[in-house]
Amino acid sequence: MGVKGKLIASVEVKCGGHLIHDIFHTKTHHISNICPSKIQNFEIHEGDSVKVGSVVSWKYNDDGKDKISKQVIEAIDHQTKTITWKLIGGDLLELYNSFTIITSFDHEWTTWTFLYEKKNEDIPEPLVLLGFVLHVTKDIEGHLLK
């Protein structure tokens with residue numbers, strides 16, 4: 001059994017968290033246009049939109065390396081503006097037995113929560129990835145403020 005971990009980071013957003021939630025929920029395919037140096041592609045494999053049960057994948061550049069993440073949408077709460085993404089494939093699962101990302105958005109804040117189980121205690125905490133998603137959030141905010 002691996003070492004379990006939880007990381008939480010919030011970033012203030014001047015455009016309103018609800019607008020960023022809308023991008024991640026209904027306009028996810030636009031993220032690669034908003035920050036092309038970070039996100040190269042978003043694709044829905046199962047389902048016709050981002051909804052519970054949809055299988056999606058991201059091609060992204062993290063820390064100078066091209067990576068892939070395949071996820072199933074486990075939960076969406078429109079009232080709390082929360083989306084839960086569970087990894088089912090991709091680079092992160094080479095290091096972690098399980099990895100779940102929870103995004104939540106309120107009026108002034110976007111919060112990212114990572115729940116994971118490392119394959120062994122020598123695997124690093126996903127701090128670089130956490131910084132990456134915060135930068136993506138700020139890129140989206142900058143786009144929305146234009």
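Modeller: Before we start, contact here means heavy atoms within 4.5 Å of each other. Bear in mind that this is a predicted model.

Biologist: Got it. Among contacts between residues at least 6 apart in sequence, what share joins residues at least 24 apart?

Modeller: Take the pairs in contact, which means heavy atoms within 4.5 Å. Keep those whose residues are at least 6 apart along the protein chain, and the share joining residues at least 24 apart is 48%.

Biologist: And the fold, then: in what order do the elements run from the N terminus?

Modeller: The protein chain has three helices and seven strands. Starting at the N terminus, the order is β-α-α-β-β-β-β-β-β-α.

Biologist: Why is the chain said to be as compact as a globular protein of that length?

Modeller: For 146 residues the globule rule gives 15 Å, and the chain comes close to that, so it is as compact as a globular protein of that length. Its C-alpha atoms fill a box of roughly 45 × 30 × 30 Å along the principal axes. The radius of gyration behind that verdict is 14 Å.

Biologist: How much of the accessible surface belongs to carbon and sulfur atoms?

Modeller: On the inside, 45% of the 146 residues count as buried. On the outside, the accessible surface comes to about 7800 Å², and the carbon and sulfur part of that is 51%.

Biologist: How far apart are the mean positions of the positive and negative charges?

Modeller: The protein chain carries 16 positive and 20 negative charges. Average the positions of each set, and the two means sit apart by 2 Å.

Biologist: Over to helix H3: how far does it reach from its first C-alpha to its last?

Modeller: H3 covers residues 127-145, which is 19 residues. Its buried residues include Leu 129, Phe 132, Val 133, Val 136 and Ile 140. At 1.5 Å a residue you'd expect 27 Å, and H3 comes close to that, with a reach of 27 Å.

Biologist: Is Ser 32 buried or exposed?

Modeller: Ser 32 sits in helix H2, residues 31-34. Leaving out residues up to four places away in sequence, Ser 32 touches Ile 39, Gln 40 and Asn 41. Its relative accessibility is 13% and the cut-off is under 20%, so Ser 32 counts as buried.

Biologist: Which residues does Glu 43 touch, not counting those up to four places away in sequence?

Modeller: Glu 43 lies in strand E2, residues 39-46, and is partly exposed at 37% relative accessibility. Lys 70 is 27 residues away along the chain, with 9.3 Å between its C-alpha and that of Glu 43. With sequence neighbours up to four places away left out, Glu 43 touches Val 55, Val 56 and Ser 57.

Biologist: What separates the C-alpha atoms of Gly 90 and Trp 58?

Modeller: Gly 90 belongs to strand E5, residues 82-90, and counts as partly exposed at 32% relative accessibility. Beyond four places in sequence, Gly 90 touches Ile 68 and Ser 69. Trp 58 is 32 residues from Gly 90 along the chain, and their C-alpha atoms are separated by 9.1 Å.

Biologist: Last one: where is Lys 81?

Modeller: Lys 81 has a phi near 55°, a positive value in a residue other than glycine. Its relative accessible area is 23%, between the 20% and 50% cut-offs, so Lys 81 is partly exposed. As for its place, Lys 81 is in the loop between strands E4 and E5.

Methods. Residues numbered from 1 in each chain as written. Predicted model: local features only at pLDDT ≥ 70, side-chain atom pairs only at ≥ 80, totals over all residues. Heavy atoms only, no water. Helix = DSSP H or I, 4+ residues; strand = E, 2+ residues; numbered from the N terminus. Rg over C-alpha atoms; globule rule 2.2 N^0.38 Å. Buried < 20%, exposed > 50% of the residue type's maximum accessible area, 1.4 Å probe, protein only. Areas by Shrake-Rupley, 256 points an atom, 1.4 Å probe, with all protein chains shown as cover. Lys, Arg positive; Asp, Glu negative; His and termini not counted. Charge placed at Lys NZ, Arg CZ, Asp CG, Glu CD. Expected span 1.5 Å × (residues − 1).
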